[in-house]
Amino acid sequence: KGSSTFRALPQKAAFKLRFDKYGGPKFHGLREITLNNAMSDGTFLVERLAYHVFRGLGLPAPRCNSATLLINGADYGVYVNVEAPDKVLMARLFGANAQSLYEVAYGSSWMGGEDAGFEEEVGHGAKADLQPLFADVRAAQPTTLLNDVSAHLETGRFVTFAAAEAVTGHIDGYGFGIWGSHNYFMASEKNGKFTLLPWSLDLTFSNNNGVVDVTQPKPANPSGAGTTLLQRCKTSPTCWPAYVAEVRRATTAYEGMGLLGLAQAWHAQIDARVLVDTKKELTNAAYAGETTKLMTWITNRPSVVRTQLGP
């Protein structure tokens, strides 16, 4: 699996493992697992930290931990084990109310005519639940933006999701993606409302690709075309103050999560394994340098966010 992180065996390939593809049993209750190779993360930790922040802010999100992998007895080193986006995840997060799940490759303006960019992972194939949301977004007015889309979008979760991307510096996601808005899932419940789920968080907790400015949401497409709902929020006299207040709340919550201690503890869990991981593509010196930068980023991010927001 992967795009820029794709590697073929015997390199450090990333995997999706499907246990019941041919009728076999589940593995500890899971239909599949996702093993990321951390090619974009020199610390092997940022995905684990970022998903922790999303969940810590009360958002539905996959679980994540670290793993080591053997293939036919050969050691492939340390991986990031992310809970797969499937029916099992939907049942855990939404229970009997779960309906459909889409990975969004493009079409993040949610204006309709874009449902080809919504790849259905769970559902019935018709994508019918997308159309009411698209209609709401098209008709929404600046002064009543959140209220106008609230029939088919969990607006409280939407604002918190945007704030979580902001404080974790998610430069490749929905709101602040410098390569366009993507790398997220949209889950709908039987009441017709959608919730965004985070995905592909390997470029969070870092300034390697630039500093995410929480006041500057990016357009839907890499060309600059297409306007996301978060961009429209910035021009709304009701939505933007709600977003700014949520970023402030999320920043305070971030400070209370003990992230530096968690990063140090999780680093201690994997450090010896990473040092002898012959499949990784960075040197041990580069790995140590990236880890040091991560610890500094965790400490500095709240002050960076508050400076961007202003008084």
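The expected span of a helix is 1.5 Å times one less than its number of residues. The model examined here is predicted, and helix α5 provides a first case. It covers residues 155-168, 14 residues in all, and should therefore span 20 Å at 1.5 Å a residue. The C-alpha atoms at its ends are 20 Å apart, in agreement with that value.

Helix α5 is also largely enclosed by the rest of the structure, because twelve of its 14 residues are buried. Among them are the aromatic residues F158 and F161. The run A162, A163 and A164 is buried as well. So are E165, A166, V167 and T168. The helix is followed by G169, whose phi is positive, near 65°.

Helix α9 comprises 26 residues, 284-309. At 1.5 Å a residue it should span 38 Å; its end C-alpha atoms lie 37 Å apart, which agrees. The helix nevertheless bends, by about 45° at N300. A proline, P302, follows within four residues of that point. P302 is one of the buried residues of α9, as are its neighbour R301 and the residues W297 and I298. Buried positions also include Y287, T291, L294 and M295, along with V305 and L309. These buried residues pack against four helices: α1 (46-56), α5, α7 (239-255) and α8 (259-275). Just after α9, G310 takes a positive phi of about 80°.

The pairing of α7 with α9 can be described further. Two packed helices are described by the angle between their axes and the distance between the axes. For α7 and α9, the angle is about 160° and the axes are 10 Å apart. Angles over 145 degrees count as roughly antiparallel, and α7 and α9 are therefore roughly antiparallel to each other. The crossing of α7 past α9 is left-handed. On the α7 side, the residues that meet α9 are V244, V247, R248, T251, T252, Y254 and E255. Their partners in α9 are W297, I298, R301, P302, V305, R306 and L309. P302, which follows the bend at N300, is thus among the residues of α9 that meet α7.

The loop between α7 and α8 contains G256. Its relative accessibility is 68%, so G256 counts as exposed. G256 and G56 are 200 residues apart along the chain, yet their C-alpha atoms are separated by 9.8 Å.

Strand β4 (residues 74-83) holds N81. N81 and F54 are 27 residues apart in sequence, and their C-alpha atoms are 16 Å apart in space. Beyond its neighbours within four places in sequence, N81 is in contact with I33, T34 and L35. Further contacts of N81 are R63, C64, N65 and A67.

Several backbone features lie outside the helices. L9 and P10 are joined by a cis peptide bond, with omega about 10°. P10 belongs to the segment before β1 (15-18). W110 has a positive phi, near 55°, although W110 is not a glycine. This residue sits in the loop between β5 (98-104) and β6 (118-122). With 0% relative accessibility, W110 counts as buried. F205, another non-glycine residue, likewise has a positive phi near 55°. Its place is the loop between β8 (194-198) and α6 (229-234). F205 is buried, with a relative accessible area of 2%.

Conventions. Residues numbered from 1 in each chain as written. Predicted model: local features only at pLDDT ≥ 70, side-chain atom pairs only at ≥ 80, totals over all residues. Heavy atoms only, no water. Helix = DSSP H or I, 4+ residues; strand = E, 2+ residues; numbered from the N terminus. Buried < 20%, exposed > 50% of the residue type's maximum accessible area, 1.4 Å probe, protein only. Bend = angle between axes of the 7 residues up to and from the residue. Contact = heavy atoms within 4.5 Å. Axes fitted to C-alpha atoms, helices over the stretch in contact; angles between N-to-C directions. Parallel < 35°, antiparallel > 145°, perpendicular 65-115°, else oblique. Left-handed = near helix turned anticlockwise from the far one by under 90°.
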